[in-house]
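Thanks for coming. I will go through one structure today, starting with its charged pairs. Please have it open while I talk.

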Amino acid sequence: MSEQEMQYTAKDLAASLDVTTSTLRRWAIALESAHYPFQRNEKGQRIYTEQDIATFEELKKLLGEKMTFADAIQQLTGHTKTNEKKSETEKLNVTAEELEKLVSRAVKKAVKKAVKKEREKLFKQLKKQMKKERNKLKEKS
């Protein structure tokens with residue numbers, strides 16, 4: 001990419017295409033899964049070029065002509081998504097769901113363990129305090 005070529009953020013591009021940023025993200029993920037290369041900044045975020053804008057405009061046009069999303073992506077990239085092999089985004093979604101369940105279980109387990117530990121600590125303190133009070137009572141009598 002030449003230094004003169006303009007770069008656009010997702011927010012700017014979505015606004016110019018009159019779509020939401022989540023729609024733009026979904027389109028970009030589908031294009032990437034069909035091997036369309038996007039450039040990324042130092043934070044790993046996609047940065048869009050004039051060529052990318054033209055690609056998205058064509059995708060929007062194809063979708064407006066009632067072409068299926070999968071067919072439009074294939075036409076733009078020349079790659080098909082087979083039924084046998086999940087796209088990278090599908091793998092990520094499943095992994096995200098599984099990860100969410102694992103994290104939820106881990107958090108519940110950690111909270112339960114922390115509560116148990118705190119309860120034991122409180123019981124020790126209470127036992128110690130009771131012993132102290134008992135000793136005071138013995139001294140007074």
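A search of the whole structure turns up five salt bridges. Before I go into some of them, note that this is a predicted model, and every value I quote is computed from it.

Start with E32. E32 pairs with R40 in a salt bridge, and the closest N and O atoms are 2.7 Å apart. E32 also takes part in a salt bridge with R46, with 2.9 Å between the closest N and O atoms. That second pair links distant parts of the chain: R46 is in strand β2, E32 is in helix α2, and 14 residues separate them.

How buried or exposed are these residues? E32 is partly exposed, at a relative accessible area of 24%. R40 is also partly exposed, with 41%. R46 has a relative accessible area of 19% and counts as buried, because the cut-off for buried is under 20%.

Another of the salt bridges is between K136 and E133, where the closest N and O atoms are 3.8 Å apart. That still counts, because the limit for a salt bridge is 4 Å. Both residues sit in helix α5, which covers residues 88–140; they are three residues apart, so about one helical turn separates them. K136 is partly exposed at 44% relative accessibility, and E133 is partly exposed with a relative accessible area of 36%. Going back to the earlier group, E32, R40 and R46 are joined into one network by salt bridges that share partners.

As a general point, side chains of opposite charge can pair when their charged atoms come close. Now for a charged residue that does not do this.

D52 is in helix α3, residues 50–64. What is the nearest side chain of opposite charge to D52, and how far away is it? It is R46, 8.9 Å away. A salt bridge needs the nitrogen within 4 Å of a carboxyl oxygen, so D52, although buried, has no salt bridge. R46, as I said, forms a salt bridge with E32.

What does D52 have instead? The side chains of D52 and Y36 are joined by a polar contact of 2.6 Å. Setting aside neighbours within four places in sequence, the residues in contact with D52 are Y36, P37, F38 and I47.

R46 and I47 come up again in the next item, the second largest pocket. Both are in its lining, together with Y8, T9, A10, T21, L24, R25, N41, Q45 and Y48. The space in this pocket is about 210 Å³. Which elements supply at least two residues each to the lining? They are α2, residues 21–33, and β2, residues 46–47. Of the elements, α2 gives the most, with three residues. So R46 of β2 is a pocket-lining residue as well as a salt-bridge partner of E32.

Last, the chain overall. The secondary structure comes to five helices and two strands. Reading from the N terminus, the order of elements is α-α-β-β-α-α-α. The chain has 141 residues, and 19% of them are buried. Among contacts with a separation of 6 or more, 50% are between residues 24 or more positions apart.

That is what I have. Questions are welcome.

Definitions and conventions: Residues are numbered from 1 along each chain as its sequence is written. This is a predicted model: local features need pLDDT of at least 70, side-chain atom pairs count only at pLDDT 80 or more; totals for chains, interfaces and linings use all residues. Side-chain values use heavy atoms; hydrogens and water are left out. Helices (H or I, at least four residues) and strands (E, at least two) are DSSP runs, numbered from the N terminus. Buried means under 20% relative accessible area, exposed over 50%, partly exposed in between (1.4 Å probe, protein chains only). Lys and Arg count as positive and Asp and Glu as negative; His and the chain ends are not counted. A polar contact is a pair of N or O atoms within 3.5 Å; within protein, one must be able to donate a hydrogen and the other to accept it, and residues adjacent in sequence count only if both atoms are side-chain atoms. Contact means heavy atoms within 4.5 Å. On a 1 Å grid over the protein atoms alone, a cavity is a set of points where a 1.4 Å probe fits but cannot get out, and a pocket is an open set with protein on both sides within 12 Å along at least five of seven lines; lining residues have an atom within 4 Å of a point. Grid points are joined across faces, edges and corners, and a volume is the space filled by probe spheres set on the points.
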